[in-house]
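Here's a quick walk through one structure, aimed at someone who likes to check distances and angles. Have the coordinates open as you read.

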Amino acid sequence: MSFSLAGKSILIVEDNPVFRKAMRDMLYSLQAVTVVEADNGIAAINAMSKSSFDIVLCDYNLGVGKNGQQVLEEARHR
């Protein structure tokens, strides 16, 4: 059985650039085309206010600022 993410828009929220790249590469290997990256909670909220995403992959610990739970709660509220 083949799995494809073609046609899906995906947001990666991760403060570690190495992990972001690894996730991006895995998503591209599954035929993902639209992958947007955010390195903190504020950037994630801004990205979600500009575009809608089919999939959001969000780390809980995002360093200084909003954590993953706060990003989720704000996204749900909006």
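## Lys-66 and its salt bridge

Let's start with Lys-66, which counts as partly exposed because its relative accessibility is 23%. Keep in mind throughout that this is a predicted model. Lys-66 pairs up with Glu-74 in a salt bridge, and the closest N and O atoms sit 2.8 Å apart. Side chains of opposite charge can pair when their charged atoms come close.

Both partners turn up again further on. Glu-74 is one of the helix 3 residues that meet helix 2, and Lys-66 is among the contacts of Val-71.

## Helix 2 against helix 3

Two packed helices are described by the angle between their axes and the distance between the axes. Here the helices are helix 2, covering residues 41–50, and helix 3, covering residues 68–77; their axes come within 10 Å and cross at roughly 20°. That angle is under 35 degrees, so helix 2 counts as roughly parallel to helix 3. As for handedness, the crossing of helix 2 past helix 3 is right-handed.

Which residues do the meeting? From helix 2 you get Gly-41, Ala-44, Ile-45 and Met-48, and across from them in helix 3 are Val-71, Glu-74 and Ala-75. Sorted by class, this contact has five nonpolar residues, one polar and one charged.

## Val-71, seen from helix 3

Zoom in on Val-71, a helix 3 residue. Is Val-71 buried or exposed? Val-71 has just 2% relative accessibility, so it counts as buried.

Its contact list, leaving aside neighbours within four places in sequence, runs to Gly-41, Ala-44, Ile-45, Met-48, Cys-58, Leu-62 and Lys-66. If you want a backbone distance to go with that, try Ile-45: the C-alpha atoms of Val-71 and Ile-45 are separated by 6.7 Å, with their positions 26 residues apart along the chain.

## Salt bridges around helix 1

How many salt bridges does the structure hold? The total is five, and the one between Glu-74 and Lys-66 has already come up. Another joins Lys-21 to Asp-25, with 2.7 Å between the closest N and O atoms. Lys-21 and Asp-25 are both in helix 1 and four residues apart, which is about one turn of the helix. Lys-21, at 43% relative accessibility, counts as partly exposed, and so does Asp-25, at 35%.

Then there's Glu-37 with Arg-24, where the closest N and O atoms are 2.4 Å apart. This pair links distant parts of the chain: Glu-37 belongs to strand 2 and Arg-24 to helix 1, 13 residues apart. Glu-37 is partly exposed, with a relative accessibility of 34%, while Arg-24 is partly exposed at 21%. The pair is part of something wider, too: salt bridges that share partners join Arg-20, Arg-24 and Glu-37 into one network.

## The loop after helix 1

Now for the loop between helix 1 and strand 2, where Gln-31 has its place. Gln-31 is worth a look on your Ramachandran plot: its phi is positive, about 70°, although it is not a glycine. With a relative accessible area of 41%, Gln-31 is partly exposed.

Ala-32 is found in the loop as well, which runs between helix 1 (17–29) and strand 2 (34–38). Ala-32 counts as buried because its relative accessibility is 6%, under the 20% cut-off. Setting aside residues up to four places away in sequence, Ala-32 touches Leu-5, Ile-10 and Leu-27. For a sense of scale, the C-alpha atoms of Ala-32 and Gly-68 are 23 Å apart, and the two residues are separated by 36 positions along the chain.

## Val-36 in strand 2

Last stop is Val-36, which lies in strand 2. Its relative accessibility of 30% means that Val-36 counts as partly exposed.

What does Val-36 touch, not counting residues up to four places away in sequence? The partners are Ile-10, Leu-11, Ile-12, Ala-47 and Phe-53. Ile-10 is also on the contact list of Ala-32. Measuring C-alpha to C-alpha, Val-36 is 9.5 Å in space from Val-56, and the pair is 20 residues apart in sequence.

Methods
Residues are numbered from 1 along each chain as its sequence is written. This is a predicted model: local features need pLDDT of at least 70, side-chain atom pairs count only at pLDDT 80 or more; totals for chains, interfaces and linings use all residues. Side-chain values use heavy atoms; hydrogens and water are left out. Helices (H or I, at least four residues) and strands (E, at least two) are DSSP runs, numbered from the N terminus. Buried means under 20% relative accessible area, exposed over 50%, partly exposed in between (1.4 Å probe, protein chains only). Contact means heavy atoms within 4.5 Å. Axes are lines fitted to C-alpha atoms, for helices over the stretch in contact, and angles run from 0 to 180 degrees between N-to-C directions. Angles under 35 degrees count as roughly parallel, over 145 as roughly antiparallel, 65 to 115 as roughly perpendicular and the rest as oblique. A crossing is left-handed if the near helix is turned anticlockwise from the far one by less than a right angle, and right-handed if clockwise. Ala, Val, Leu, Ile, Met, Phe, Trp, Tyr, Cys and Pro count as nonpolar, Asp, Glu, Lys and Arg as charged, and the others, Gly among them, as polar. A salt bridge is a side-chain nitrogen of Lys or Arg within 4 Å of a carboxyl oxygen of Asp or Glu.
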